Amino acid sequence: MSTASPHLSPPGRLGLIGESRTALDLLTMLAPLAAAQLRPRQPRQRTVVAVPGFGADDRFLAPLRHYLHRHGYDAIGWGLGRNLAGVDMRHALEDISNAWPIEPREPYRGEGGVPYLCERFIETLREQHATHGRPLTLVGWSLGGYIAREAARDLPQIVEQVITLGAPTVGGPKYTMAASFFTRRGMDLDWIEAVVERRERQPIQQPITAIYSRSDGIVQWQASLDGHSPNVRHVQIASAHLGLIFNPRVWAEVLAALAQHNSCAAKIEVTA
């Protein structure tokens, strides 16, 4: 049964023209990167795992990770190579755990690729937590933001905070420019959307900062809004989707979200 949102659709192709603004973001990020480079080294306060978007790998988030590193955070990549939404991972629906409310589907054409990928990511987070011995903050761009959210949902004792950048929280790929990539492979986007909707029956409890842009040319901006989680803060920034990971205003908001959580954690510790 379809859970389609009739008022949503993928961004129009004209939105792709606006994505050319990414070139400006690439230029403007140089100043804060240079300023961060001049900062004295600081003790690593927390571990931040940065998750790339669809089609990207850890190299795309290297500038943001370096920026966070110079501000005192142990910023690391997700370590799973190029994010292809699980289509490059051989699996069957039976390989996905019961944590995902998945109904049988015949023929199966890989619609569960993202849940399968999420569970592989969860394994790496458990390893990182065991290595560092402290909770993790996840920063995810686009599909990486969705994956970060789902990992947080399943790991409340390990993931302490989530920050998403233009993440499609509604509909999976259905309301994104990537929709055609999946439909060409015969995937049922309504089936995927229903799985996404059923997962929300278990709300994410950790603090979430959802950064989005109304001029996003890749993800329909309304699909980036979280109407389920009890502890979410939305931040609107004018940016291209591809530029969100390079935009200095986005970086400042990421730092602010990290600092705010640090402050809240400190108050709780003092009270306790």
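These legends accompany close-up views of a predicted model. Local features are described where pLDDT is at least 70, side-chain atom pairs count only at pLDDT 80 or more, and totals for chains, interfaces and linings use all residues. Residues are numbered from 1 along each chain as its sequence is written, and side-chain values use heavy atoms, with hydrogens and water left out.

**View 1. Asp226 sits in the loop between strand E5 (208-212) and strand E6 (232-236).**
Helices (H or I, at least four residues) and strands (E, at least two) are DSSP runs, numbered from the N terminus. Asp226 counts as buried because its relative accessibility is 7%; buried means under 20% relative accessible area, exposed over 50%, and partly exposed in between (1.4 Å probe, protein chains only). Look for the polar contact between the side chains of Asp226 and Arg149, at 2.7 Å. A polar contact is a pair of N or O atoms within 3.5 Å; within protein, one must be able to donate a hydrogen and the other to accept it, and residues adjacent in sequence count only if both atoms are side-chain atoms. A polar atom of the Asp226 side chain also lies 2.9 Å from the backbone nitrogen of His228. Leaving aside residues up to four places away in sequence, Asp226 touches Arg149, Thr169, Ile208, Val232 and His234, where contact means heavy atoms within 4.5 Å.

**View 2. Gly227 is in the loop between E5 and E6.**
Gly227 counts as exposed, because its relative accessibility is 71%. Its C-alpha atom is separated by 9.2 Å from that of Val170, and the two residues are 57 apart along the chain.

**View 3. Strand E5 pairs with E4 and with E6.**
Two strands pair if DSSP finds at least two bridges between them. Strand E4 (residues 159-165) runs parallel to E5, and four bridges join them. E5 and E6 also pair in the parallel sense, over five bridges. Thr209 is a handy landmark here: Ile163 stands opposite Thr209 in E5, and Thr209 stands opposite Arg233 in E6.

**View 4. Both faces of E5 are covered.**
In a regular strand the side chains alternate between the two faces of the sheet. Ile208, Ala210 and Tyr212 are buried on one side of E5, and Thr209 and Ile211 are buried on the other. That makes five of its five residues buried.

**View 5. Helix H4 (residues 62-70) has buried residues, and Gly72 comes just after H4.**
The buried residues in H4 are Pro63, Leu64, Arg65, Tyr67, Leu68 and Arg70. Gly72 takes a positive phi of about 95°.

**View 6. Leu24, Leu27 and Leu30 make a nonpolar surface patch of about 330 Å².**
Patches are made of residues with over 30% relative accessible area and no salt bridge: like charges are joined within 9 Å, nonpolar side chains (Val, Leu, Ile, Met, Phe, Trp, Tyr) within 5 Å. Accessible areas come from the Shrake-Rupley method with a 1.4 Å probe; for residues, only the protein chains shown count as cover. Leu24 lies in helix H2 (residues 22-28) and is exposed, with a relative accessible area of 54%.

**View 7. Glu103 and Arg198 meet in a salt bridge through their side chains (3.8 Å, N to O).**
This pair links distant parts of the chain, 95 residues apart: Glu103 is in the loop between strand E2 (74-77) and helix H5 (113-132), while Arg198 is in helix H8 (residues 189-199). A salt bridge is a side-chain nitrogen of Lys or Arg within 4 Å of a carboxyl oxygen of Asp or Glu. The structure holds 16 salt bridges. Glu103 is partly exposed at 43% relative accessible area, whereas Arg198 counts as buried at 16%.

**View 8. The side chains of Asp188 and Arg105 form a salt bridge (3.4 Å, N to O).**
Asp188 lies in the loop between helix H7 (179-183) and H8, and Arg105 in the loop between E2 and H5, so the pair ties together parts 83 residues apart in sequence. Asp188 counts as partly exposed at 25% relative accessibility, and Arg105 counts as buried at 19%.

**View 9. Arg199 forms a salt bridge with Glu150, the closest N and O atoms being 2.7 Å apart.**
Arg199 lies in helix H8 and Glu150 in helix H6 (residues 143-154), so the pair ties together parts 49 residues apart in sequence. Arg199 and Glu150 are both buried. Salt bridges link Arg149, Glu150, Arg153, Asp154, Arg199, Glu200 and Asp226 in a network, which brings back Asp226 and its polar contact with Arg149.
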